[in-house]
Amino acid sequence: MSHRVTIDGTTIETQHLRLRPWQPDDAVGALAIYGEADVARWLAPAMDRIDDPERMREIIERWAAEHTGTGRPTGRWAIDDLDSGKLVGAGQILGLPPEGEDLELGYQFAPSAWGRGLGSETGHALAHYAFSHDEEEVFAVVRHGNQHGIRTAREIGMEWVGETTKYYDLRLQVFRLRKGDLDVPG
């Protein structure tokens, strides 16, 4: 499978998506993601469902401030569908606890965007972003029972490395992708 990933500063573009920094006026659109119980239940760390636009705006503003000047390719992105121009998802590269040494790829989508392969497209793009900033490996952590999350990690090319309670005090499935394994035919 061929993948198109273009990185321009902190904006990442793929065949179907544009990952861009969050803006405070994205709050209402973000509620279609984080306001959904079927999305919030799989998050690690756990995050309560958000149903208030002002609270969502505050969270987005905090996210924007969290990842400036870390020296690593961490951050959070709003994800727009290129065809419709609508906000359909969220992506992030975050340091995993306890020390933040390992980087985690994460992504969430509004239920209206499910079933289109956008999670694997996003994870692939975020891996390119991390590797273009000299990282050697990235991880995904998936809650038990999240079969979609497991399938998506494998579609990105990640390998299962085991279970752990090291991150977020939850029992999680851990998947890893090394720089040299990105875009290697399966």
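Which residues are exposed on the other side of helix 5, away from its buried ones? They are Gln147, His148 and Arg154, where exposed means over 50% relative accessible area, buried means under 20%, and partly exposed is the range in between, as found with a 1.4 Å probe on protein chains only. The model is a predicted one, in which local features need pLDDT of at least 70 and side-chain atom pairs count only at pLDDT 80 or more, while totals for chains, interfaces and linings use all residues. Residues are numbered from 1 along each chain as its sequence is written, and side-chain values use heavy atoms, with hydrogens and water left out.

The buried residues of helix 5 are Gly149, Ile150, Thr152, Ala153 and Ile156; helices (H or I, at least four residues) and strands (E, at least two) are DSSP runs, numbered from the N terminus. These buried residues lie on the same side of helix 5, because they cover an arc of only 165° around the axis, the arc being that of the directions from the helix axis to the C-beta atoms. An α-helix has 3.6 residues a turn, so residues three or four places apart point the same way. Among the elements that cover the buried residues of helix 5 are strand 6, helix 4, strand 7 and strand 9. After helix 5 comes Gly157, which has a positive phi, near 105°.

Helix 5 also contributes to the largest nonpolar core, a core being a set of buried Ala, Val, Leu, Ile, Met, Phe, Trp, Tyr and Cys residues joined through side-chain atoms within 4.5 Å. This core has 29 residues, and those with the most contacts inside it are Ile93, Val138, Met158 and Leu177. Two or more residues each are given to the core by strand 3 (17-21), strand 4 (75-81), strand 5 (87-95), strand 6 (103-109), helix 4 (118-132), strand 7 (137-143), helix 5 (147-156) and strand 9 (172-178). Helix 4 supplies the largest share, 7 residues. If neighbours within four places in sequence are left aside, Met158 is in contact with Leu105, Val138, Phe139, Ala140, Ala153, Phe175, Arg176 and Leu177, contact meaning heavy atoms within 4.5 Å. Apart from the largest core lies another, of 15 residues, which includes Leu31, Ile33, Met56 and Ile60.

Helix 4 is also the place of His124, a residue that counts as buried at 3% relative accessibility. With neighbours within four places in sequence again left aside, His124 is in contact with His3, Val5, Ile156, Leu182 and Asp183.

The strands can be followed through their pairing, where two strands pair if DSSP finds at least two bridges between them. Strand 2 (residues 11-13) is antiparallel to strand 3, with 2 bridges between them, and a hairpin of 3 residues joins strand 2 to strand 3. Within this pairing, Glu13 has Arg18 in strand 3 as its bridge partner. Strand 3 in turn pairs with strand 4 in the antiparallel sense, over 5 bridges, and Pro21 stands opposite Trp77 in strand 4. In a regular strand the side chains alternate between the two faces of the sheet.

Charged side chains provide further links. Side chains of opposite charge can pair when their charged atoms come close. A search of the whole structure finds 11 salt bridges, each being a side-chain nitrogen of Lys or Arg within 4 Å of a carboxyl oxygen of Asp or Glu. One of them joins the side chains of Asp81 and Arg116 at 2.5 Å, N to O. This pair links distant parts of the chain, with Asp81 in strand 4 and Arg116 in the loop between strand 6 and helix 4, 35 residues apart. Asp81 is buried, at a relative accessible area of 6%, whereas Arg116 is partly exposed at 43%.

Which residues are linked in a network of salt bridges? The network consists of Glu137, Glu159, Arg176 and Arg178. In it, the side chains of Glu137 and Arg178 meet at 3.9 Å, N to O; because Glu137 lies in strand 7 and Arg178 in strand 9, the pair ties together parts that are 41 residues apart in sequence. Glu137 is partly exposed at 28% relative accessibility, and Arg178 is partly exposed at 38%. The side chains of Glu159 and Arg176 form a salt bridge at 3.1 Å, N to O, which links strand 8 (residues 159-164) with strand 9 across 17 residues. Here Glu159 counts as partly exposed at 35% relative accessibility, while Arg176 is buried, with a relative accessible area of 18%.
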